[in-house]
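Thanks for making the time this morning. I would like to walk through the fold of this chain and then through the way its parts meet, so please keep the structure open while I talk.

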Amino acid sequence: MTQRVRAAVFRPDDGRLDDAVELLESLGATPVRDAMLAVEPTGNAAREDADYAILTSKTGVELVAETGWDRTGVSVCAIGESTADALREHGYEVDLVPAEFSSKGLVGALTDAVDGARVEVARSDHGSAVLTDGLEDAGAYVHETVLYRLVRPPEAGVSAERAADGELEAALFTSSLTVEHFLEAATARGVREDAIAGLNDAVVGCIGEPTARTAERHGVDVDVVPDEASFDALAAAVVEEAAPSRHD
């Protein structure tokens, strides 16, 4: 008899966690809810006088849309299809989505176009310097607006205890920050080493190579990095990888 895969999911508890739980259940897994990120808006507004504007997340899109951001005359770039879809849902046309859904991929796509251009980067306080440094190296005048801060909820960490007790078959990390917050929560609960060991006995999936590198740098073995940088692809790949090995 096949045992249901117990999968830790770390999405923010703002609707995305509920959606992730529903998806995992539809795939036959048992979700372990443990939000590792909470969004704190700064109240800052993205600039409207740039030649290019870069949005890196659905959350960022929602916040700029709330301010009534006017992109007239601005070329809008999105990292990832989920960000692009969010822009379109809010009535913004998307001019560029790089083939590689990462800061490096976007820099590569814009390098030949931004020399002397004004580029607005609107994102969280944990954005990678790879993006801003790369654009400046390409000759752009870069301005960064921090739209929101990402913090660890004080109650986070139930999944770390479950991992330490050998009660997880899978874990789904969606960013480097979810990895770091998981480990911080494990440390706060006194189970860091056992939690890492538990992850290494499970199937660990990461969205994107940067997230995978962060996990591996901290001693976490990564088993799955889907070609498509989306939670749907991550969940499907991780559950498929974990399910065959779980038997009573």
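Before anything else, please bear in mind that this is a predicted model. Let me begin with a helix: α2, residues 58–66, lies across β3, β4 and β7, and its direction makes an angle of about 105 degrees with β7. A second helix, α5, which covers residues 129–137, lies across β4, β6 and β7, and in this case the angle to β6 is about 175 degrees.

The strands under these helices belong to an open sheet of five, and if you read across it the order is β3-β7-β6-β4-β5, with mixed pairing. At the edges stand β3, residues 38–41, and β5, residues 75–78, and because each has a single partner strand, one side of each is left without a neighbour in the sheet. From one strand to the next, the twist averages 25 degrees.

As a general reminder, strands of a sheet pair through backbone hydrogen bonds, in either a parallel or an antiparallel sense. Within this sheet, β6, residues 118–124, runs parallel to β7, residues 141–151, and seven bridges join the two. If you would like to find that pairing on the screen, look for Val-119, which stands opposite Val-142 in β7, and then for Arg-123, which stands opposite Val-146 in β7. The pairing of β3 with β7, by contrast, is antiparallel and consists of four bridges, and here Ala-38 stands opposite Val-151 of β7.

Now for the other sheet I want to show. This is an open sheet of four strands in the order β2-β1-β8-β9, and its pairing is parallel. Its edge strands are β2, residues 30–33, and β9, residues 203–206, each of which pairs on one side only. Neighbouring strands in this sheet are turned against each other by 25 degrees on average, if direction is ignored. Strand β8, residues 170–173, pairs with β9 in the parallel sense over four bridges, and Ala-170 has Val-203 in β9 as its bridge partner.

Let me turn to the domains. The domain assignment gives domain 1 as 6–37 together with 153–242, and domain 2 as 44–150. Their C-alpha centres lie 27 Å apart.

How many residues of domain 1 are in contact with domain 2? There are five on the domain 1 side, and they are in contact with four residues of domain 2. In terms of area, the two domains bury about 480 Å² between them, and 70% of this is on carbon and sulfur atoms. On the domain 1 side, the residues that lose the most area to domain 2 are Arg-16, Leu-177 and Ala-229, which together make up 68% of what that side buries.

Which polar interactions, then, are counted between the domains? One residue pair is in polar contact, with both residues at pLDDT 80 or more, while the count of salt bridges between domain 1 and domain 2 is zero.

Technical notes
Residues are numbered from 1 along each chain as its sequence is written. This is a predicted model: local features need pLDDT of at least 70, side-chain atom pairs count only at pLDDT 80 or more; totals for chains, interfaces and linings use all residues. Side-chain values use heavy atoms; hydrogens and water are left out. Two strands pair if DSSP finds at least two bridges between them. Axes are lines fitted to C-alpha atoms, for helices over the stretch in contact, and angles run from 0 to 180 degrees between N-to-C directions. Contact means heavy atoms within 4.5 Å. Domain bounds come from an automatic or database domain assignment. Buried area is the accessible area (1.4 Å probe) that two parts lose on being put together, summed over both. A salt bridge is a side-chain nitrogen of Lys or Arg within 4 Å of a carboxyl oxygen of Asp or Glu. A polar contact is a pair of N or O atoms within 3.5 Å; within protein, one must be able to donate a hydrogen and the other to accept it, and residues adjacent in sequence count only if both atoms are side-chain atoms.
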